[in-house]
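Work through the exercises below with the sequence and the structure in view. Each task is followed by a solution in steps.

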Amino acid sequence: MWIQARPLLAAWFYPRVRRPEQANYRDHNRRMFADFHEQERMLADQPRMDFYHAAIARHIRPGDRVVDLGTGTGILAAWAARSGAAHVYAIDHSEILKYARMLAAANRIENVEFLPVHSTAFKTDERVDVILHEQMGDCLFDEAMVANVADLRDRLLKPGGLILPSRFELYCEPIKVNDARLVPFIWELDVHGYEYSCLEESRPQNPGYYHLASSDLNLVEHFLGEPAPVLSIDLHTLNEADLPREVTFTRRVVNAGRMDGYAVFFRARVDDDLSLCTSPLDPRRAPHWGFRILRTRRDDFAVGDEIEVHLTVGRWSDRDTWTWSHVKRVSAGHGLTPAGPDTAAKGK
């Protein structure tokens with residue numbers, strides 16, 4: 001039809017149907033995790049694979065009934081079966097599932113049932129002993145982990161059943177970027193006398209401009225304070241509605257320097273001696289996850305100063321709804337002197 005060859009006219013005659021955000025996210029996930037390279041990145045992440053292999057070996061018991069949420073190539077389901085699980089429901093709504101079946105047959109894996117269904121539509125007549133998952137995004141919550149796991153927990157997990165992993169810590173640490181890697185806001189630049197400050201009035205309105213992704217261990221020089229979780233959660237009890245929409249925390253500066261933003265990363269814990277971290281300063285970080293940098297205006301800090309950070313979140317699963325600001329309190333030898341907040345949200 002002639003109009004289909006003219007996209008602008010076609011969009012006017014046949015406007016795109018606006019789909020619910022959740023449906024768009026599911027479509028994105030379905031396509032993303034069907035890609036071999038995405039699977040390769042996860043499988044080649046040795047700290048990730050070591051963490052899950054140890055967790056399954058320690059906690060899946062003979063006779064357990066297990067749900068593997070988002071099974072991908074099926075390797076976690078296979079490890080659960082090898083640990084003695086009586087039955088593993090390996091669920092995934094992407095096309096990777098046909099390869100998972102192929103791999104299970106090639107590796108002589110039994111007791112795994114591969115189901116092409118989204119977790120919210122999965123049902124079983126008998127409750128399960130374990131929910132096994134890897135639903136963590138770069139900022140922990142950005143792959144619908146809480147909603148999906150809590151739904152399965154409430155409908156299908158036995159009382160006293162296990163979620164693996166269940167304990168998580170979210171960090172948001174003020175950082176100094178290595179000088180050679182620093183990319184300031186454009187209005188902060190003066191390049192051999194060519195000055196860009198007039199562009200401050202034209203700040204981008206796109207929220208994505210104010211947060212960046214990286215997995216480069218050479219990007220961050222140091223944290224300004226001692227890292228501490230801003231949120232600690234346990235999926236055995238947490239519901240989405242329990243997550244706060246505002247978080248305020250303070251860091252006393254122990255490493256002086258320029259503050260270039262906040263690094264957002266997480267730690268997953270199974271046992272006190274078994275955890276997985278995505279910190280930009282951890283040489284054993286799980287590399288297929290990025291850490292996020294929430295960009296801020298430049299601010300310089302001395303040892304003893306305090307940084308009070310305020311984070312407001314519309315939806316934890318959507319970084320574009322996050323806004324952040326800070327107040328600087330300068331150590332004056334006799335107490336602390338407020339130095340004022342960021343001028344606007346999103347680190348502006």
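A residue counts as buried when its relative accessible area is under 20%. The model used here is predicted.

**Exercise 1.** Determine how many residues of strand E1 (residues 65-69) are buried, and say what follows for the strand.

*Solution.* Step 1: take the side chains by direction. Arg-65, Val-67 and Leu-69 point one way from E1, while Val-66 and Asp-68 point the other way. Step 2: apply the cut-off. Residues on both sides are buried, which gives 5 of 5 for E1. Step 3: conclude. Because 5 of the 5 residues are buried, E1 is largely enclosed by the rest of the structure.

**Exercise 2.** Find the strands that pair with E1 and give the sense of pairing.

*Solution.* Step 1: recall the principle. Strands of a sheet pair through backbone hydrogen bonds, either parallel or antiparallel. Step 2: look at strand E2 (residues 87-92), which pairs with E1 in the parallel sense over 5 bridges. Here Arg-65 has His-87 as its bridge partner, and Val-66 has Val-88. Step 3: look at strand E4 (residues 128-133), which is also parallel to E1, over 4 bridges. In E4, His-133 is the bridge partner of Leu-69.

**Exercise 3.** Write down the strand order of the sheet and identify its edges.

*Solution.* Step 1: the order is E3-E2-E1-E4-E5, an open sheet of 5 strands with parallel pairing. Step 2: E3 (112-116) and E5 (157-164) are the edge strands; each has a single partner strand, so one side of each lacks a neighbour in the sheet.

**Exercise 4.** State the handedness of the β-α-β unit that contains E1, helix H5 (residues 75-82) and E2.

*Solution.* Step 1: the unit is right-handed. Step 2: place the helix. H5 lies across E1, E2, E3 and E4, and runs at about 175° to E2.

Key:
Residues numbered from 1 in each chain as written. Predicted model: local features only at pLDDT ≥ 70, side-chain atom pairs only at ≥ 80, totals over all residues. Heavy atoms only, no water. Buried < 20%, exposed > 50% of the residue type's maximum accessible area, 1.4 Å probe, protein only. Helix = DSSP H or I, 4+ residues; strand = E, 2+ residues; numbered from the N terminus. Pairing = 2+ DSSP bridges. Right-handed = clockwise from strand over helix to strand, strands pointing away. Contact = heavy atoms within 4.5 Å. Axes fitted to C-alpha atoms, helices over the stretch in contact; angles between N-to-C directions.
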